[in-house]
Amino acid sequence: MKNLLNYEDKRVVIVGCYSGMGEATARIVGGLGAEVVAVDIKKPSVEHSKYLEVDCRDPSAIDAVVGEIAAGGPLDSLFYCAGLPGGSFSNVDVMSVNFLGLRHMVEACVPRMKRGDSIATISSGAGMAYMMVLDRLKELLALSDHAEALRWVQGAEAEGSLEGYSFSKMCTIAYTLHRGPLLTQETGVRINCISPGPTDTPMMGHFIENVGQTFMDDFPKPIGRNSTAEEQGWALAYLNSAAASYISGENLFTDGGASGGLMTGSIDMTQMA
Ligand SMILES: NC(=O)c1ccc[n+]([C@@H]2O[C@H](COP(=O)([O-])OP(=O)(O)OC[C@H]3O[C@@H](n4cnc5c(N)ncnc54)[C@H](O)[C@@H]3O)[C@@H](O)[C@H]2O)c1
């Protein structure tokens, strides 16, 4: 039987692969035969076929890097794994990296991709309540211009109505579900996201600092532990592989079942500290 998870002859771009899930994804798809173009604000210690520096808060830097990627060869798959936690990072920076930069990168890459190519991005279980604020999310999604969308975010921040991290993750899910089907219909490029639960990466230390060790310990974990970065990397590798050729416009909760239990009430939210 043909191995559909194979990445041989694929040139993949991994944004945010200095550490965590992006770094794990690079190891996984590299091991499956991909040529990895690494994109990050920080240079990974691991050698990849190419490293391009970008600050995902800056749309013109994203455009320049996408131009450079396209000039170097085909772009078969994009993984957007860059992200910032809340806490000491401003809400505007968090929204800029986690959603506005993600969307700008996706929209800049799609015209350079061909039918059957694929994109996978990362949201979070923190975005699970997206349906409750869908109208507000759609208001922002309707602003396809980066500068206009950034002004909306800055306005919401000035009003004090923005919780950057979870809102950025709701935006990513809503974008994938709302824009994904149209994008696939127009271009044949698939786009999906995953929504991880607590995962042991360098970001976990920030979450503990922000919400406390007790909250993170008490967060529902049906599998009985945090996820590893590799477990999230495999989900991303699957979604961008030929094994997932009929999956698009989908958000995959990769949290061991926590979100399903919380959304249907079989896990009691009040158990959490
Ligand atoms: N760790 C968790 O528990 C958890 C849970 C759910 C979702 N997530 C999400 O997973 C994604 C990956 O995070 P992680 O846990 O692997 O953390 P991480 O901090 O290890 O990885 C984040 C990556 O983004 C890069 N990055 C940060 N700012 C950037 C910028 N301005 N421009 C370009 N690159 C930038 C970092 O250099 C790093 O490589 C994030 O979107 C995060 O919100 C994490």
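Two residues are taken to be in contact if their C-beta atoms, placed from the backbone, lie within 7 Å. The structure described here is a predicted model. By this criterion, the buried residues of helix α2 pack against the strands β1 (11–15), β2 (35–40) and β3 (50–53) and against the helices α3 (91–109) and α5 (146–159). Helix α2 itself spans residues 59–71. Its 13 residues reach 18 Å from the first C-alpha to the last, close to the 18 Å expected at 1.5 Å a residue. The buried positions in α2 are Pro-59, Ile-62, Val-65, Val-66 and Ile-69. These residues cover an arc of only 120° around the axis and therefore lie on the same side of α2. The face turned away from the buried side carries Ser-60, Gly-67 and Ala-71, which are exposed. Just after α2, Gly-73 takes a positive phi of about 145°.

The loop between β3 and α2 contains Asp-58. This residue is partly exposed, with 16 other C-beta atoms within 10 Å. Asp-58 is separated from Ser-241 by 183 residues in sequence, and the C-alpha atoms of the two are 29 Å apart in space.

The strands contacted by α2 belong to an open sheet. Seven strands form this sheet, in the order β3-β2-β1-β4-β5-β6-β9, and the pairing is parallel. Strands β3 and β9 (250–254) stand at the edges; each has a single partner strand, so one side of each is left without a neighbour in the sheet. From one strand to the next, the twist averages 20°.

Within the sheet, β1 and β2 run parallel and are joined by five bridges. Val-12 has Val-36 of β2 as its bridge partner. Six of the six residues of β2 are buried, so this strand is largely enclosed by the rest of the structure. Both of its faces are covered, with Glu-35, Val-37 and Val-39 buried on one side and Val-36, Ala-38 and Asp-40 buried on the other. Val-36 is thus described twice, as the partner of Val-12 and as a buried residue of β2.

In the segment before β1 lies Asp-9. Although Asp-9 is not a glycine, its phi is positive, at about 70°. Asp-9 is exposed, with 10 other C-beta atoms within 10 Å.

Elsewhere in the sheet, strand β5 (residues 118–122) is joined to strand β6 (residues 190–196) by five bridges, and the two run parallel. Thr-121 stands opposite Cys-193 in β6. Helix α10 (residues 229–239) lies across β4 (77–80), β5, β6 and β9. The direction of α10 is at about 165° to β6.

Helix α6 (residues 164–178) has 15 residues and reaches 20 Å from its first C-alpha to its last, close to the 21 Å expected at 1.5 Å a residue. The helix is mostly covered, twelve of its 15 residues being buried. The buried residues are Gly-164, Tyr-165, Phe-167, Ser-168, Lys-169, Met-170, Cys-171, Thr-172, Ile-173, Ala-174, Tyr-175 and Thr-176. Their cover includes the helices α3, α4 (134–141) and α7 (180–187), together with the strands β5, β6 and β9.

The packing of α4 and α6 can be set out further. Two packed helices are described by the angle between their axes and the distance between the axes. The axes of α4 and α6 come within 10 Å and cross at roughly 75°. Angles of 65 to 115 degrees count as roughly perpendicular, so α4 is roughly perpendicular to α6. On the α4 side, the contact is made by Leu-134, Leu-137, Leu-140 and Leu-141. On the α6 side, the contributing residues are Met-170, Cys-171, Ala-174, Tyr-175 and His-178.

Val-133 is found in the loop between β5 and α4. With 15 C-beta neighbours inside 10 Å, Val-133 counts as partly exposed. Val-133 and Ala-174 are 41 residues apart in sequence, while their C-alpha atoms are 9.8 Å apart in space. Ala-174 is one of the α6 residues in contact with α4 and is among the buried residues of α6.

Conventions: Residues numbered from 1 in each chain as written. Predicted model: local features only at pLDDT ≥ 70, side-chain atom pairs only at ≥ 80, totals over all residues. Helix = DSSP H or I, 4+ residues; strand = E, 2+ residues; numbered from the N terminus. Expected span 1.5 Å × (residues − 1). Buried ≥ 20, exposed ≤ 12 C-beta atoms within 10 Å, placed from the backbone. Arc of directions from axis to C-beta. Pairing = 2+ DSSP bridges. Axes fitted to C-alpha atoms, helices over the stretch in contact; angles between N-to-C directions. Parallel < 35°, antiparallel > 145°, perpendicular 65-115°, else oblique.
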